[in-house]
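Open the coordinates in your viewer and keep the selection box at hand. We will walk from one stop to the next, selecting as we go.

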Amino acid sequence: MPEFLDLHGKTTKALRALAEAAMQRHGLHLGQNLLLAALWERDGRAPGEIAAALRVTTPTVVKMADRMTKAGLLARRRDDREAERRRMEEKVTAGLTERERESLLSALGKIHRTASELMGRESGEAGAVGG
């Protein structure tokens, strides 16, 4: 049934062009409407949440949001949970000097890198053993 496939392809292209033209009238590009729809559904979502909902990468959402913010189509704001997290971090490290905080972060960074490398090796080994 090649006529169906041809007609389906042409219809899809026509609908996409129509949708893109409608979005451009509002200063949007194809795909940005999906970001707005995700925020309309639940405002205040983090980029990672939106990326998961749209099945794209977080950097894609961040780049899209940055462009939309510059164009005045989107207003970004800091997540209140981040501020609370920062206050908690300040409280639990209040007894440390600045130098101790820097040393702690440096040591934790090294531990994280080593643990991540070990996890990568172990998952590679497991894959090799499992076939």
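Start by selecting Met-68 together with its surroundings: setting aside neighbours within four places in sequence, Met-68 is in contact with Leu-28, Gln-32, Leu-35, Leu-36, Leu-73 and Leu-74. Bear in mind throughout that you are looking at a predicted model.

**Stop 1: Met-68 and its helix**

Color residues 58-70, which form helix H4, and you will find Met-68 within it. Is Met-68 buried or exposed? Its relative accessibility is 0%, so Met-68 counts as buried. Now draw a distance from the C-alpha of Met-68 to that of Leu-28: the two are 40 residues apart in sequence, and 8.0 Å separates them in space.

**Stop 2: where H2 meets H4**

Add helix H2, residues 32-41, to the view. How do H2 and H4 lie relative to each other? Their axes come within 10 Å and cross at roughly 95 degrees. An angle from 65 to 115 degrees counts as roughly perpendicular, and H2 and H4 are therefore roughly perpendicular to each other.

Show side chains for the residues that meet here: Gln-32, Leu-35 and Leu-36 on the H2 side, and Val-61, Met-64, Ala-65 and Met-68 on the H4 side. By residue type, this contact of H2 with H4 holds six nonpolar residues and one polar residue, with no charged ones. As you look along a helix, recall that an α-helix has 3.6 residues a turn, so residues three or four places apart point the same way.

**Stop 3: Gln-32**

Next, center on Gln-32, which lies in H2. Gln-32 counts as buried because its relative accessibility is 6%, and the cut-off for buried is under 20%. What does Gln-32 touch beyond residues up to four places away in sequence? The list is Gly-27, Met-64, Met-68 and Leu-73. Look also at the polar end of this side chain: one of its polar atoms lies 2.7 Å from the backbone nitrogen of His-29.

**Stop 4: Gly-27 and the end of H1**

From Gln-32, step over to Gly-27, in the loop between H1 and H2. Here the backbone takes a positive phi of about 80 degrees, just after H1. With a relative accessibility of 38%, Gly-27 counts as partly exposed. Not counting residues up to four places away in sequence, Gly-27 touches Gln-32 and Leu-73. For a sense of distance, pick the C-alpha atoms of Gly-27 and Ala-38: they are 11 residues apart along the chain and 18 Å apart in space.

**Stop 5: along H1**

Select residues 2-25 to bring up H1, a helix of 24 residues. From first C-alpha to last, H1 reaches 35 Å, close to the 34 Å expected at 1.5 Å a residue. Pro-2 lies in this helix, and Pro-2 is exposed, with a relative accessible area of 52%. Now stretch a distance line from the C-alpha of Pro-2 to that of Thr-114: these residues are 112 places apart in sequence and 56 Å apart in space.

**Stop 6: the loop between H5 and H6**

For the last selection, choose Thr-93, in the loop between helix H5 (80-92) and helix H6 (98-130). Thr-93 counts as buried, at 14% relative accessibility. Which backbone atom lies 2.8 Å from a polar atom of the side chain of Thr-93? Turn on the backbone and you will find the oxygen of Glu-89 there.

Terms used:
Residues are numbered from 1 along each chain as its sequence is written. This is a predicted model: local features need pLDDT of at least 70, side-chain atom pairs count only at pLDDT 80 or more; totals for chains, interfaces and linings use all residues. Side-chain values use heavy atoms; hydrogens and water are left out. Helices (H or I, at least four residues) and strands (E, at least two) are DSSP runs, numbered from the N terminus. Buried means under 20% relative accessible area, exposed over 50%, partly exposed in between (1.4 Å probe, protein chains only). A polar contact is a pair of N or O atoms within 3.5 Å; within protein, one must be able to donate a hydrogen and the other to accept it, and residues adjacent in sequence count only if both atoms are side-chain atoms. Contact means heavy atoms within 4.5 Å. The expected span of a helix is 1.5 Å times one less than its number of residues. Axes are lines fitted to C-alpha atoms, for helices over the stretch in contact, and angles run from 0 to 180 degrees between N-to-C directions. Angles under 35 degrees count as roughly parallel, over 145 as roughly antiparallel, 65 to 115 as roughly perpendicular and the rest as oblique. Ala, Val, Leu, Ile, Met, Phe, Trp, Tyr, Cys and Pro count as nonpolar, Asp, Glu, Lys and Arg as charged, and the others, Gly among them, as polar.
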